Amino acid sequence: MTTPVLEARGLTKRYGRVTAIESGDLELYPGEILAVIGDNGAGKSSLIKALSGALIPDSGEIHLDGQRVQFRNPMEAREAGIETVYQTLAVSPGLDIADNLFLGREHRRRGILGSVFRMLDTGHMRSEAKQHMSDLGIGTLQNIGQAVESLSGGQRQAVAVARSAAFGSKVVILDEPTAALGVKEGNRVLQLIRDVRDRGLPVILISHNMPHVFEVADRIHIQRLGRRATVITPESHSMNEAVAIMTGAAEPPPPVTRSEKSRT
Ligand SMILES: Nc1ncnc2c1ncn2[C@@H]1O[C@H](COP(=O)(O)OP(=O)(O)OP(=O)(O)O)[C@@H](O)[C@H]1O
Ligand SMILES: [Mg+2]
């Protein structure tokens, strides 16, 4: 049996009388894109925040590569290899692309210049940033020194996804990365998500966009009323059936525990 890369068991989070997550479970397996869908308030963001250290659950366990982890903040989750892109966009508009990629983890110059004077190794960061962007097929960005505020929404989103792909060593989590993007830009980001998976990083994708979910997901986790209702696949169910389960109009089928999809 394959061990999930990331697993949540029985997570609970209450805000006063509101239960955001009620014994929440989630499994993310190697090499897959796991979509998380659910109505507003179903607890998707809360679940993801618990996995990325932005929220401390009241109870339950999180396992990374089979080892129990307890993140006290998002930095600890990042250090463990979990990169999260929140919908409230995660880039600093005034900085250029390279600076954004390395925000919070800048390369310092070697020796005393870096260790004492904290001088940045800009040249190194630029060339590495360029490499990351072209790895992800964003070769059209010729000028890595271009300010992010001069980029289109899709290109900005691409920078955020690129950053997560570059630094996430175990898991990439994306909360609504294609919301508010045009058709072309949305497709671009979808392609990036596939590239990230194909490079070996499993992805959790939260989205309200059913066509996007059905296009890229290997499995679809349906969150309802704070818990996982079931897990389906784009092959096992139609979009209408997924929405019916999501809203409670249809009975959830037993969860698909592992992707049966074989990729070549
Ligand atoms: N900081 C908070 N304080 C109080 N209640 C909260 C807080 N965060 C979330 N909740 C409540 O927890 C529940 C789950 O919220 P959550 O944001 O996880 O839902 P969601 O599935 O991400 O919804 P959406 O699709 O609208 O983003 C909601 O009822 C919400 O009002
Ligand atoms: Mg949310």
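Colleague: Is Val172 buried or exposed?
Modeller: Let's count neighbours in this predicted model. Val172 has 27 C-beta neighbours inside 10 Å, and 20 or more is what a buried residue needs. Because of that count, Val172 is buried.

Colleague: Where does Val172 sit, and which residues is Val172 in contact with, leaving aside neighbours within four places in sequence?
Modeller: Val172 has its place in strand 7. One of its contacts, Glu83, is 89 residues away in sequence, yet the two C-alpha atoms are 4.9 Å apart in space. With neighbours within four places in sequence left aside, the contacts of Val172 are Glu83, Ser164, Ala165, Val196, Leu201 and Val203.

Colleague: What is the strand order in the open sheet of six strands?
Modeller: A helpful place to start is the edges, where a strand pairs on one side only: these are strand 6 (82–85) and strand 10 (227–232). Between one strand and the next, the twist averages 20°. The pairing is mixed, and the order reads 6-7-8-3-9-10.

Colleague: How do strand 3 and strand 8 run, and which residue is the bridge partner of Leu34?
Modeller: In general, strands of a sheet pair through backbone hydrogen bonds, either parallel or antiparallel. Here strand 3 (residues 33–37) and strand 8 (residues 203–206) run parallel, joined by four bridges. In strand 8, the partner of Leu34 is Ile204.

Colleague: Which strands does helix 9 touch, and what angle does its direction make with that of strand 9?
Modeller: Two helices are worth a look here. Helix 1 (residues 44–51) packs on the sheet and touches strands 3, 6, 7, 8 and 9, with its direction at about 150° to that of strand 7. Helix 9 (residues 239–247) also packs on the sheet, touching strand 3, strand 9 and strand 10, and its direction makes an angle with that of strand 9 of about 30°.

Colleague: Which element gives the largest share of the shell around ligand 1?
Modeller: The residues around ligand 1 include Tyr15, Val18, Gly38, Lys44, Ser45 and Ser46. Strand 2 (18–28) and helix 1 each supply at least two residues of this shell. The largest share, three residues, comes from helix 1.

Colleague: How many residues of the shell around ligand 1 are charged?
Modeller: You can sort the shell by residue type. Four of its residues are nonpolar and six are polar. The charged count is one.

Colleague: What percentage of the residues in the protein chain is buried?
Modeller: The chain has nine helices and 10 strands. Of its 264 residues, the buried ones make up 43%.

Key: Residues are numbered from 1 along each chain as its sequence is written. Chains are lettered from A and ligands numbered from 1 in the order in which they are written. This is a predicted model: local features need pLDDT of at least 70, side-chain atom pairs count only at pLDDT 80 or more; totals for chains, interfaces and linings use all residues. Two strands pair if DSSP finds at least two bridges between them. Axes are lines fitted to C-alpha atoms, for helices over the stretch in contact, and angles run from 0 to 180 degrees between N-to-C directions. Two residues are in contact if their C-beta atoms, placed from the backbone, lie within 7 Å. A residue is buried if 20 or more other C-beta atoms lie within 10 Å of its own, exposed if 12 or fewer, and partly exposed in between; C-beta atoms are placed from the backbone. A residue is near a molecule or strand if its C-beta atom, placed from the backbone, lies within 6 Å of it. Ala, Val, Leu, Ile, Met, Phe, Trp, Tyr, Cys and Pro count as nonpolar, Asp, Glu, Lys and Arg as charged, and the others, Gly among them, as polar.
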